[in-house]
Amino acid sequence: MDEKETYCIKVNLPGGVVSAGDLYELLLIAENAGSQSIRIGNRQQLFFCIDASQLEDLEMDMLRAEISYEIDEDEFPNIISSYVTDAIFNTESWMKEGVYKDIFDLFNFKPRLKVNLVDQHQTFVPFFSGNFNFITSTVSNYWHLYIRFPKTTDIYCWPSLVYSDDIPVLSRIAEKTIMDHKALFYDRQKINHQKFHNLVIAQQALVTQPITEALKLPEFQLPYYEGFNRYANNKHWLGIYRRNELFPLEFMKDICTICLKNRIGQVYTTPWKSLLIKGISESNRKDWGIILNKYRINVRHASNELNWQLENLNSESLELKRQLVREFEEYDLRTHRLCFAIKMQPKTGLTGAIIIKKKEPGVFDILHTRDFNPNSKDDVIYKEKVPITNLGQCLIELCNYFYGILINDNIVLSVTEKEAEEKPGKEAPLAYQCKNCFSIYDQTYGDAVNNVAPGVDFESLANYSCPICESSKSSFNRIEKSFNPNPLN
């Protein structure tokens, strides 16, 4: 390793959760190495920086504490999960604390590809930002799996539901299959999904269930994740966001001390680079207020500042976000149900309803998902080669366009319902759904993957195949279409 002035240390927190005691030990090691603050990454991991002269001592401390870490690398991406949402942003699912922990404990290897474990009832943690995206089904302890092959936009819907206990072993086998056959499955424009499936299942017998119900993702709405908030059993949770992404070590040590004092076992990190503590009792809430006052921590930022996804340790992204948020504030812009991603590097895996992608220095492309749901993978170019000076105004126009669509959709829906009452024999609009992966062909949009223009009737297509799982045209069933913000439903 070349000698340099500073090193960045990355520590994975599987699922975005860590015990207060373990976190305190890590903070002491970072402090002894001369660090003054930590950062939270967009995959719920931790970062801190140290001077090169402290590296040897840090390595000894990490070895003694048996803490895995990386230096200026991200060879082993953190496993992210929606565990943080349990009981506060999501209360209607079979997916609970014990299931998350059981799955984490079964991971006996460090994934080199990104693994996401998310509940379909929440929208706080992104669904498809990983390579192996496990999403809960309606069947208890069974998951949908969507595989995004590395360095591609190719998403494959695994043809059966996966049992909770099989998630780690399937992730390991699928990863090894991809890495051992890079010429077939890594950075390829065309991937043979059936061949991949056959290679994986040949290595391990898995407990599966047939997919009998389509994956239904909720309409996106980012919950407000800051401040004190009440939830079940008269408890509170506290969310903390930092505008500069820096959490002072002294502040974090005090956080851990209060958790240990009040028997709060765990601290959570989020994909929005924030911190969250659950289980705060009313009688102990004053302790937390004292700490927030001591470090002058503000916990009531505007929503249009909280709904951003940025690359890790990227000062250029952070400065651009600050500039755009200032313009949004001056315009008093509404951003409810929207979130933004700034991509300075290609293929970052960041998700957003609106994406700002760097084209060249000072010049950006603006894209949005077709339905403005960040969990959709179908991007639409809005404007190209926008100078940075015009970026804010273009984004404001796009936000206004989004709310115009919402208004028009409501009007169209109302008119359709009225016509249905007047003409009960009139058929509702139709679309066609793949019975294997449940993707939908909608004549309104066509199919960009198969070069089918908008407006082309499905029945007129010859030799059509599903853009997701490559099933033939005969695998599609006609369905009744209604307004749906999620193209996977």
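Here are three short exercises on this structure, which is a predicted model.

**Exercise 1: Placing strand β1 in its sheet**

Find which strands pair with β1, and in which sense they run.

*Solution.* Let's begin with the strand itself. Strand β1 covers residues 6–11, and 5 of its 6 residues are buried.

Next, look at its neighbours. Strand β4 (residues 46–51) is joined to β1 by 6 bridges, and the two run antiparallel. Within this pair, Val11 stands opposite Leu46. Strand β5 (residues 70–71) also pairs with β1 in the antiparallel sense, over 2 bridges. Here Ile9 stands opposite Ile71.

Now step back to the whole sheet. It is open and has 5 strands in the order β5-β1-β4-β3-β15, with antiparallel pairing. Its edge strands are β5 and β15 (247–248), each of which pairs on one side only.

**Exercise 2: Two cysteines across from each other**

Work out why Cys8 has no bond to the closest cysteine sulfur.

*Solution.* First, find the partner: Cys8 has Cys49 in β4 as its bridge partner. That is a pairing of strands, so the sulfur atoms need their own check.

Second, compare distances. A disulfide needs two cysteine sulfur atoms within 2.5 Å. The sulfur of Cys8 lies 4.3 Å from that of Cys49, its closest cysteine sulfur, and this is too far for a bond. By this rule the count of disulfides is 0.

Third, check the surroundings. Cys8 is buried, at a relative accessible area of 11%. Cys157 is buried as well, with 4% relative accessibility.

**Exercise 3: Reading the faces of helix α10**

Determine which residues of α10 are buried, and how they are arranged around its axis.

*Solution.* Start with the length. Helix α10 (residues 315–331) has 17 residues and reaches 25 Å from its first C-alpha to its last, close to the 24 Å expected.

Then list the buried positions: Ser317, Leu318, Leu320, Lys321, Leu324, Val325 and Phe328. Seen down the axis of α10, the buried residues fall within an arc of 160°, so they line one face of the helix. The spacing helps explain this: an α-helix has 3.6 residues a turn, so residues three or four places apart point the same way.

On the other side of α10, Ser315 and Glu330 are exposed.

Finally, visit both ends. At the start of α10, a side-chain oxygen of Asn314 comes within 3.1 Å of the backbone nitrogen of Glu316. Just after the helix, Asp332 takes a positive phi of about 55°.

Note on methods
Residues numbered from 1 in each chain as written. Predicted model: local features only at pLDDT ≥ 70, side-chain atom pairs only at ≥ 80, totals over all residues. Heavy atoms only, no water. Buried < 20%, exposed > 50% of the residue type's maximum accessible area, 1.4 Å probe, protein only. Helix = DSSP H or I, 4+ residues; strand = E, 2+ residues; numbered from the N terminus. Expected span 1.5 Å × (residues − 1). Arc of directions from axis to C-beta. Polar contact = N/O pair within 3.5 Å; in protein donor to acceptor, adjacent residues only side chain to side chain.
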